[in-house]
Amino acid sequence: MIDIHCHILPGIDDGSPDMETSLEMARMAAKDGIHTIIATPHLTTVEYPKDNLLQAIDELNAQLKSQTIAITVLFGAEVQSHIALEAADNFCLAGSSSLLVEFPHSYLPADSENLIYSLVTNKITPIIAHPERNGQISREPWLLAPLIELGARTQITAESITGDQGMTARNCAEYLFQRNQVHYIGTDSHSPGFRKPILSKAVKQAAKIIGKAEAQKLVSGYNIFLPSSCNHKPSA
Ligand SMILES: [Fe+2]
């Protein structure tokens, strides 16, 4: 399995604080059947030097190799939506043209459709991070459909599906699964205990709604390198 959303890099953001914690997260992930983790530290400014992240990934991969932990860490970022257009050139996931975009936690910005449209017409595929934990989307999950029609994909948090993030997030996740509006499951793990780096439980739960084969696709990274497209313009 591939985890496309994980704060495993040590000392970069509010995720893993140090190398030992990162290695423990990787051990847990490997035990769960994950072989690849895309490191997605929060990106709040496009000025952040990409080389810092690349160096941190190299150091972590070297440690993983020396400790024979069978995980490969790839480059990525979780980009705040207000800088998504500027960040798209440098911070897509793992050399793809898919960009992990984080909206504000409590609401969906009024210009969201225009943002998604601008990214897609610039040949960037936006992946909306954990929409089920967004306050407004969790109350009004139908707001996501127009963004998906414009070419956005969605990443749901593993612990939202299992119910470990509360019933509101779980109910929203189920709503989205029932409408085939989920494209990836990611852990959004920040430490071994804060959103665990575990995907298998969520896949089992998702399989009850969409079937085993479809659920497994959501942790395979199967279309991360395939561009999305849209044939219409935003409604607003
Ligand atoms: Fe995250």
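This is a short walk through one protein chain, from its overall dimensions to its two sheets and a few loop residues.

A caution before the details: what you see is a predicted model.

I start with the whole chain. The secondary structure comes to 10 helices and nine strands. Along the principal axes, the C-alpha atoms fill a box of roughly 50 × 40 × 30 Å. How does the radius of gyration of the protein chain agree with that of a compact globule? For 236 residues such a globule would have a value near 18 Å, and the chain has 17 Å, so the two agree. Of the 236 residues, 53% are buried. The chain exposes about 10,300 Å², and carbon and sulfur atoms supply 51% of that area. On contacts, take the pairs of residues at least 6 apart in sequence: 74% of those contacts join residues at least 24 apart.

Now the sheets, beginning with the one made of three strands. This sheet is open, its order is 1-2-4, and the pairing is parallel. Strand 1 and strand 4 are the edges, each pairing on one side only. On average, neighbouring strands here are turned by 25 degrees against each other, with direction ignored.

Strand 1 covers residues 2-6, and three bridges join it to strand 2 in parallel. All five of the five residues in strand 1 are buried. Two of the opposing positions are worth pointing at on the screen. Isoleucine 2 has threonine 36 of strand 2 as its bridge partner. Cysteine 6 stands opposite alanine 39, also in strand 2. To get from strand 1 to strand 2 the chain passes through helix 1, residues 19-32, and this β-α-β crossover is right-handed.

Strand 2 itself runs over residues 36-39. Which of its residues are buried on each face? On one side they are Thr36 and Ile38, on the other Ile37 and Ala39, so to speak a strand covered on both faces.

On its other pairing, strand 2 is joined by three bridges to strand 4, residues 72-74, and these two strands run parallel as well. Threonine 36 has threonine 72 as its partner in strand 4, and isoleucine 37 has valine 73. Threonine 36 therefore appears twice in this description.The second sheet is also open. Six strands make it up, in the order 3-5-6-7-8-9, with parallel pairing. Its edges are strand 3, residues 42-43, and strand 9, residues 184-186, each of which pairs on one side only. Strand 3 is joined by two bridges to strand 5, residues 78-80, and the two run parallel. Within that pair, histidine 42 stands opposite glutamate 78 of strand 5.

Further along in this sheet, helix 4, residues 112-121, lies across strand 6 (98-102) and strand 7 (125-129). Helix 4 runs at about 140 degrees to strand 7.

That leads to the loops. Where is lysine 123 placed? The residue sits in the loop between helix 4 and strand 7. Its phi is near 65 degrees, a positive value in a residue other than glycine. Lysine 123 has a relative accessible area of 65%, over the 50% cut-off, so it counts as exposed.

Asparagine 180 also has a positive phi without being glycine, in this case near 55 degrees. Its place is the loop between helix 8, residues 167-178, and strand 9. Is asparagine 180 buried or exposed? Its relative accessibility is 62%, so it is exposed.

The last residue is aspartate 18, in the loop between strand 1 and helix 1. With a relative accessible area of 37%, aspartate 18 is partly exposed. Setting aside neighbours within four places in sequence, aspartate 18 is in contact with Pro10 and Gly11. Between the C-alpha atoms of aspartate 18 and lysine 123 the separation is 36 Å, and the two residues are 105 residues apart along the chain.

Conventions: Residues numbered from 1 in each chain as written. Predicted model: local features only at pLDDT ≥ 70, side-chain atom pairs only at ≥ 80, totals over all residues. Heavy atoms only, no water. Buried < 20%, exposed > 50% of the residue type's maximum accessible area, 1.4 Å probe, protein only. Helix = DSSP H or I, 4+ residues; strand = E, 2+ residues; numbered from the N terminus. Pairing = 2+ DSSP bridges. Right-handed = clockwise from strand over helix to strand, strands pointing away. Contact = heavy atoms within 4.5 Å. Axes fitted to C-alpha atoms, helices over the stretch in contact; angles between N-to-C directions. Rg over C-alpha atoms; globule rule 2.2 N^0.38 Å. Areas by Shrake-Rupley, 256 points an atom, 1.4 Å probe, with all protein chains shown as cover.
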